[in-house]
Amino acid sequence: MRILSEALGYVMYFCYYLVHNYGLAIILFTLISKIVLLPVSVWVQKNSIKMVKMQPEINRIKAKHFGDADRIADEQSKIFKREKYNPLASLIPLAVQIILLMGLVEVIYHPLDYLLHLPQDVITAFNGLAVSLAGANPESSSIQLAVVEMIKSGNYAEQFAALQSGLAGVDIASVLQQVQGISLNFCGMNLSWVPSEVGGIDIIVPIAAGISAWLLCVAQNTANVIQAEQSKLNKYGMMAFSVGLSLYLGWFVPAGVALYWIASNLFAILQQYLLNWAINPKDYVDYEELEASKQELEELQSIGGKKKLFEKNPYAKREKKDFKRFFSVVNKHLVFYSESSGFYKYYQGIIEWLLAHTNLTIHYITSDPEDQIFALAEKEDKIRAYYIGEKRLITLMMKMDADVVVMTMPDIENFHIKRSYIRKDIEYIYIPHCMDSLNMTMRTGSMDHYDTVYCVGKHHTEEIRKTEEAYGLPPKKLIDWGYCLLDRMIEDYRKADKTPHEKKHILIAPSWQKDNIVDSCLEGMLDDLAGKGYEVVVRPHPQQVRLQQDKMDRLKERYAKNPDIDIQTDFSSNSTVFEADLLVTDWSGIAYEYAFTTKKPVLFVDTPMKVMNPEYQKIDTVPINIWMRDVIGDRLDPAKTEETESKVRNLLEQKDAYHDRIEKFVEEYVYNLGNSAEVGAKYIVQAVQEQIKKAKEQ
């Protein structure tokens, strides 16, 4: 460090005798250091631009292999090598500045040694005397100046002796005035003073250092090509660190060191804007593509909801244990995945048949820690249940090793959930959780990457085949399955009490979409039904209740005095949908469950269609959601709510005719009524057996 201080002392000596002011000399010294290091800064600027230019590709790799840290690191390393990018380059300016700062501290702690350019033996003697005299007089810096004045006379030994013997009679102020050409004062402060020791006006030094650091961070957060792309947490975290470090330096080191730090920060701001002008990042970086890739990655990172600061996941240990337990099992033949406990009902019939007729072990993964499957697994040793959260599920699916995987989740491979990277021969089976159109109510390409699809009825078969034809897709295995949930609902309804109501029960159950019944015409419909001899229950969609509580409260208040109208928002009622004499809905899938189970008609309100696939019209078939409305019920224009009661009355009067019509429709458009569980389970057994046979042959 002494060698560095010597070298910097020469530079400081040069700067001082150019400007004859110690403060200006430090500022000039800082400027020279920035100019000397400019080639490094240019290299860092180019390296930073290179990094941001690569970021869209890196973001998409992180999205594609989300959760697989090893794969992401390998792919990112390949990109760095291809682009010849050095990730440590951005640390070079900071490292150089710290080294300069350490050397400069020595220069500023003993400024006159270097400014006078004294011989080494004199400096050593001077420093030793200054240390010994510091205890005798707190004005150590003044004593140093007095010593230097005597050194300048050339008679070192005589002057040292005089100072030591006659210290009490020395007028320090007059000695300071006699020192020729050397002044440590700058803007009313002595730059050798340390604010924490001196106090007074010197307190402005750390404040100025902190402000300069804040200004630099503000500039970097907007102009620095890498820093501008950091998260708010990183930006403000770095700002807090920089300002805190600057306040610390400004308080505990000589004011001259703080002045260097302040000047360095301000010159860095100027340098950043000049570099952006000379090497503009916008000429190299596709910022639209960068923003799009960031949004794709953020969507994945937000899976499972945002985690609060310091919030612990109460299921983390359990999830980690289940993850390890799942992969500890070799030769897994059959895996089911469920997003939540509510999805078990779509598998229930198939699983119950498998348990009763086979020895297959069912590995059941769920992202719901309270899934009912865990209670069932405690009673049934052929079910092994695992809790895997949505984020860890990404990794699990990529490393899946099983013969057959059954899911109700569409869009596999299209978003974050991928087919296995470990085994390419897994048969993925999609089981619908609705009876209506797959073409209109699912996203484009939602089933493209499944091997096998279970079809509720011939409308599903037709849609999938025509989709494959329209997009040139390889044909999938389509199983004439049916709908286990419908079979169970029909059986439960057959056993249910069907005592007629004194007042006909009308259930209004809207879907959750823009301009649904609640948003567009509910009040007009209720006003038309009120006082007409009906008991009307409104069950808004849970999402609407959660997000529009004020609207729900206003509705309840408006109809609070009407005994025939009940706005249910707590969903605590034990009554089922099937108890209603008539269902009123818009585009909700509840219409098919209700009509197909009870054979009662539905009044459909023609609100804007619920379309998930904007390309549904490319498929040469009309979705069942549209044309079936006229078969199993009637339609109401939301602008003509005054017709509500008359349409309700007409449907109720023709309930017998609708019963026969709906029954015939169900028999024609739903496969294997009453037998879908066996059909679905037997295919799974067959698929597992074929996989085992292939493995033996190989």
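## Close-up views of a predicted model

**View 1. Asparagine 21 caps the N-terminal end of helix α2.** A side-chain oxygen of asparagine 21 lies 3.0 Å from the backbone nitrogen of glycine 23. The model shown here and in the other views is predicted. Helix α2 covers residues 22-36. At 1.5 Å a residue, its 15 residues should span 21 Å. The end C-alpha atoms are 21 Å apart, which agrees. The buried residues of α2 are Tyr22, Gly23, Ala25, Ile26, Phe29, Thr30, Ser33 and Lys34. Glycine 23 thus appears twice: its backbone nitrogen faces the cap, and Gly23 is among the buried residues of the helix. An α-helix has 3.6 residues a turn, so residues three or four places apart point the same way.

**View 2. Six strands form an open, parallel sheet.** The strand order is β12-β11-β10-β13-β14-β15. At the edges stand β12 (565-567) and β15 (633-636), each paired on one side only. Neighbouring strands are turned by 20 degrees against each other on average, direction ignored. Strands of a sheet pair through backbone hydrogen bonds, either parallel or antiparallel.

**View 3. Strands β10 and β11 run parallel and are joined by five bridges.** Strand β10 holds residues 504-508. Strand β11 holds residues 534-538. Histidine 505 stands opposite glutamate 535 of β11.

**View 4. Helices α24 and α27 lie across strands of the sheet.** Helix α24 (residues 522-529) lies across β10, β11, β12, β13 (582-585), β14 (602-605) and β15. Its direction is at about 160 degrees to β11. Helix α27 (residues 590-598) lies across β13 and β14. The angle between α27 and β13 is about 165 degrees. Strands β13 and β14 are therefore listed for α24 and for α27.

**View 5. Lysine 599 has a positive phi although it is not a glycine.** The angle is about 60 degrees. Lysine 599 sits in the loop between α27 and β14. Is lysine 599 buried or exposed? Its relative accessible area is 11%, so lysine 599 is buried.

**View 6. Aspartate 519 and lysine 551 form a salt bridge.** The closest N and O atoms are 2.7 Å apart. The pair links distant parts of the chain, 32 residues apart. Aspartate 519 belongs to helix α23 (residues 517-520). Lysine 551 belongs to helix α26 (residues 549-558). Aspartate 519 has 31% relative accessibility and counts as partly exposed. Lysine 551, at 24%, also counts as partly exposed.

**View 7. Arginine 635 and aspartate 606 form a salt bridge.** The closest N and O atoms are 3.8 Å apart. Arginine 635 lies in strand β15 and aspartate 606 in the loop between β14 and α28 (624-627), so the pair ties together parts that are 29 residues apart in sequence. Arginine 635 is partly exposed, at 33% relative accessibility. Aspartate 606 is partly exposed too, with a relative accessible area of 29%.

**View 8. Arginine 649 and glutamate 645 meet in a salt bridge within helix α29.** The N to O distance is 3.0 Å. Helix α29 covers residues 644-653. The two residues are four apart, about one turn of the helix. What is the burial state of each partner? Arginine 649 is partly exposed, with a relative accessible area of 38%. Glutamate 645 counts as buried, at 10% relative accessibility.

**View 9. Asp401, Asp403, Arg423 and Asp425 are linked in a network of salt bridges.** A search of the whole structure finds 31 salt bridges.

**View 10. Aspartate 411 has a positive phi although it is not a glycine.** The angle is about 70 degrees. Aspartate 411 lies in the loop between β6 (402-407) and β7 (427-430). With a relative accessible area of 5%, aspartate 411 is buried.

**View 11. The whole chain has 31 helices and 15 strands.** The chain has 698 residues, and buried residues make up 49% of them. Among contacts with a separation of 6 or more, 73% join residues 24 or more positions apart.

Conventions:
Residues are numbered from 1 along each chain as its sequence is written. This is a predicted model: local features need pLDDT of at least 70, side-chain atom pairs count only at pLDDT 80 or more; totals for chains, interfaces and linings use all residues. Side-chain values use heavy atoms; hydrogens and water are left out. Two strands pair if DSSP finds at least two bridges between them. Axes are lines fitted to C-alpha atoms, for helices over the stretch in contact, and angles run from 0 to 180 degrees between N-to-C directions. Contact means heavy atoms within 4.5 Å. The expected span of a helix is 1.5 Å times one less than its number of residues. Buried means under 20% relative accessible area, exposed over 50%, partly exposed in between (1.4 Å probe, protein chains only). A polar contact is a pair of N or O atoms within 3.5 Å; within protein, one must be able to donate a hydrogen and the other to accept it, and residues adjacent in sequence count only if both atoms are side-chain atoms. A salt bridge is a side-chain nitrogen of Lys or Arg within 4 Å of a carboxyl oxygen of Asp or Glu.
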